[in-house]
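The exercises below ask you to read contacts and strand pairing from a set of coordinates. Try each task before turning to its solution.

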Amino acid sequence: MKRLFTISIIMASAFCANAQNVDKTITLDEVTVKASKVVNKADGMIIYPTDVQKQTSNNGYSILEKLTLANIRIDNISHTITAIDNRGSVQLRVNGIVVGKQEMFALNPKDIVKINFINNPGVRYGESIGYVIDIVIRRSESGYTIGTDLTSALTTLQGDGMVYGKWNKDKSELSLSYDVSGYKTKGSKSKQLAEYTLTDGSIYTIERNDVESLGKSFAHDAKLTYNWSDSTATVFQTSLSGAFNNTPDNYNIKDITDGSRQYQATSREKNKSLSPVLDIYFFRQLTPRQSITANAVGTYISTQTSSYYDEGTPYKYDVDGKTASLLTEVIYENRLKPFTLSTGLNYSYKHASSR
C-alpha cells in the first residue's frame, strides 16, 4: 500500500511538471535577425546594402560606388559605370527594367531591397554585355520626388544640368526628366609638325599652326515614363523619350607651311540629330520559378551633317540620313536546378535612307 501511494505521488508530480512546461510562455521585447550582406550565386551575387550605406547615398550612382563591385568602375561625378576588364559594357536595371541616367538620379536609396550583380549574363541581356546590375526597390505607395543635378567646369564654358520628378500613387508611378548639356570653346590653338621621309632619303616637312577656332555643341534629352506595378508579380511600363543634339558651324583656320608654299586652310562642320524612342515593357511572374517578359522598342533617328575642308583643294560633303527601327522580344524563363532555362522569340526591323 505504501509503495502504491509513493508511485501515485511521483506520477502526479510528473504530470504537473509537464503541464507547467506546456503552459509556460516566454515574451521577448525585440528580436533582430541579421542575414548575410552578400549571397553568392553561380552567375554573380546578391547584395543587401546596409542602412548606413542607404542613408549616406543620394542617388543610384552614389550607393553603387560604396559597394566596391569587382571589375566595375563607378564615377559619381561624371555619372558613368564601366568595366575595367574590357569584357563588355555594364547594363543597369531597376526591378528588371533597363534604365539610364535619369532613373539612377531619381532612385531613392532608402527604397532599395537588394542588388543583383550578375558577372556572367546570358544572351537574353543582349550583345556585348559583360555585367548586369539589377537594383530591386520597394516602391512607396504614395508620394513624390523632385530633384536637380548640375555639373559645371570652372575654366571652360561646359556644363550638364538635369531636372527630374517622380510621383507615386497606389500602383502607378509617373516620372519626368529633362537634361541639357553643352560646351563652347573659342581661341583654342595647336601646332603640328609632320616630317615625311621620301624614297630618295630626303625629308619633307609640313607645318600646321592654328590661327582661329570655334567649337560649340548643345544636347537636350527629355523622358516621360509611366509604370504600373502589382508588387513584383506584374510590371507594365511605357516610356517616351527624345534627344536633340546640335553642333552649329564649328570652324578652324590654320596657317600651312608646305615645303616652300605658304597658305591658309579652313575647316567647317555642323550637324544636328533628332531621336525619339518609344519603349514598352511587360513582366509577369507566373510561379515562384517561372516568368515571362515582353519588350518592344521603336526608334527613329534623323541626322543632318555638313563638312567642309580646304587645304589646297576644297573638299565638301553633306549627309541627310533617316533611320527607323523596331526591336521586339518575348522571353520565358524557368529557374530549374541546377540551371535556368530561357527561351523566347525575337524580331527586329530596320530601315535606313540617306542622301
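**Exercise 1.** How many bridges join strand 5 to strand 8, and do the two run parallel or antiparallel?

*Solution.* The model is a predicted one. Begin with the two strands themselves: strand 5 covers residues 89–94, and strand 8 covers residues 129–137. Six bridges join strand 5 to strand 8, and the two run parallel. Next, look across from strand 5, where Val90 stands opposite Tyr131 in strand 8. Finally, place the pair in its sheet, which is open, is formed by six strands in the order 1-2-7-8-5-6, and has mixed pairing. At its edges are strand 1 (38–41) and strand 6 (97–98), each of which pairs on one side only.

**Exercise 2.** Classify the aromatic pair formed by Phe117 and Tyr131, and state which parts of the chain the pair ties together.

*Solution.* The structure holds four aromatic pairs. For Phe117 and Tyr131, the ring centres are 5.8 Å apart and the planes stand at 5 degrees, so the pair is stacked, given that stacking requires planes under 30 degrees apart. Because Phe117 lies in strand 7 (residues 112–118) and Tyr131 in strand 8, the pair ties together parts that are 14 residues apart in sequence. Both Phe117 and Tyr131 are buried.

**Exercise 3.** Identify the charged group that sits over the ring of Tyr131, and then name the cluster linked by ring pairs.

*Solution.* The charged end of Arg87 sits over the ring of Tyr131, at 4.7 Å from the ring centre. As for the cluster, ring pairs link Tyr61, Phe105 and Tyr164.

Terms used: Residues numbered from 1 in each chain as written. Predicted model: local features only at pLDDT ≥ 70, side-chain atom pairs only at ≥ 80, totals over all residues. Heavy atoms only, no water. Phe/Tyr/Trp six-rings, centres within 6.5 Å; stacked < 30°, edge-to-face > 60°. Helix = DSSP H or I, 4+ residues; strand = E, 2+ residues; numbered from the N terminus. Buried < 20%, exposed > 50% of the residue type's maximum accessible area, 1.4 Å probe, protein only. Lys NZ or Arg CZ within 6 Å of the ring centre and 35° of its normal. Pairing = 2+ DSSP bridges.
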